[in-house]
Amino acid sequence: MTEPVFVFGSNLAGRHGKGAALWARQHRGAIYGQGIGLQGNSYAIPSKDDQLRTLPLAVIERHVGTFLAFARSRPDLAFQLTPIGCGLAGYRREQIEPMFADAPPNVLWPPEWR
């Protein structure tokens with residue numbers, strides 16, 4: 001069985017230099033300079049802009065929606081969600097977790113959520 005796709009918070013510049021984004025670049029094929037979408041065995045959901053400023057919740061929610069649509073279109077893959085937006089972006093779990101409420105069953109929740 002293949003490892004689940006590692007879903008991490010990123011920035012729109014694709015500077016995967018810290019936290020889960022750095023881990024994704026080092027271990028799961030995240031592409032430096034690509035801030036959104038599937039890359040290697042990882043998927044980037046932006047929580048910061050191209051200047052590394054935290055994105056508003058409504059913008060993050062749109063990116064989450066794009067991810068959820070992608071996950072629904074790929075039932076052959078499992079997606080290991082990390083608590084995006086809750087580290088370097090500075091949001092709380094209670095602000096981000098509800099964005100994933102209608103996630104399909106192939107999205108695996110972070111242990112610290114739910």
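Q: What makes a pair of atoms a polar contact?
A: A polar contact is a pair of N or O atoms within 3.5 Å. Within protein, one atom must be able to donate a hydrogen and the other to accept it. Residues adjacent in sequence count only if both atoms are side-chain atoms. The side chain of glutamine 39 reaches the backbone oxygen of glycine 37 at 3.3 Å, so that pair falls within the 3.5 Å limit.

This is a predicted model, where local features need pLDDT of at least 70, side-chain atom pairs count only at pLDDT 80 or more, and totals for chains, interfaces and linings use all residues. Residues are numbered from 1 along each chain as its sequence is written, and side-chain values use heavy atoms, with hydrogens and water left out.

Q: Which other backbone oxygen does the side chain of glutamine 39 reach?
A: That of glutamine 34, at 3.1 Å.

Q: Why is glutamine 39 called buried?
A: Buried means under 20% relative accessible area, exposed over 50%, and partly exposed in between (1.4 Å probe, protein chains only). Glutamine 39 has 1% relative accessibility, so it counts as buried. Glutamine 39 is found in strand E2.

Q: Why does arginine 28 count as buried?
A: Its relative accessibility is 11%. The cut-off is under 20%, so the label fits. Arginine 28 is found in the loop between H1 and E2. A polar atom of its side chain lies 2.7 Å from the backbone oxygen of proline 4.

Q: Why is leucine 52 called partly exposed?
A: Its relative accessible area is 38%. That lies between the 20% and 50% limits, so "partly exposed" is the right term. Leucine 52 is placed in the loop between E3 and H2. Leucine 52 also has a positive phi of about 70 degrees, although it is not a glycine. Most residues other than glycine have a negative phi.

Q: What makes a run of residues a helix or a strand?
A: Both are DSSP runs, numbered from the N terminus. Helices (H or I) need at least four residues, and strands (E) at least two. H2 has 17 residues, so it passes the helix minimum of four.

Q: How do you know that the span of H2 is close to the expected one?
A: The expected span is 1.5 Å times one less than the number of residues. H2 reaches 24 Å from its first C-alpha to its last, close to the 24 Å expected.

Q: What makes E1 and E3 a pair?
A: Two strands pair if DSSP finds at least two bridges between them. E1 and E3 have six bridges, in the parallel sense. Six passes the minimum of two, so they pair. Glycine 9 stands opposite isoleucine 45 in E3.

Q: Why is one side of E2 and of E5 left without a neighbour in the sheet?
A: The five strands form an open sheet in the order E2-E3-E1-E4-E5, with mixed pairing. Strand E2 (37–39) and strand E5 (107–108) stand at the edges, each with a single partner strand, so one side of each has no neighbour in the sheet.

Q: What makes a set of residues a nonpolar core?
A: The set must be buried Ala, Val, Leu, Ile, Met, Phe, Trp, Tyr and Cys residues, joined through side-chain atoms within 4.5 Å. The largest such core has 21 residues, including Ile45, Ile60 and Phe100. Its largest share, six residues, comes from H2. A second, separate core of six residues includes Phe6, Phe8, Ala30 and Ala44.
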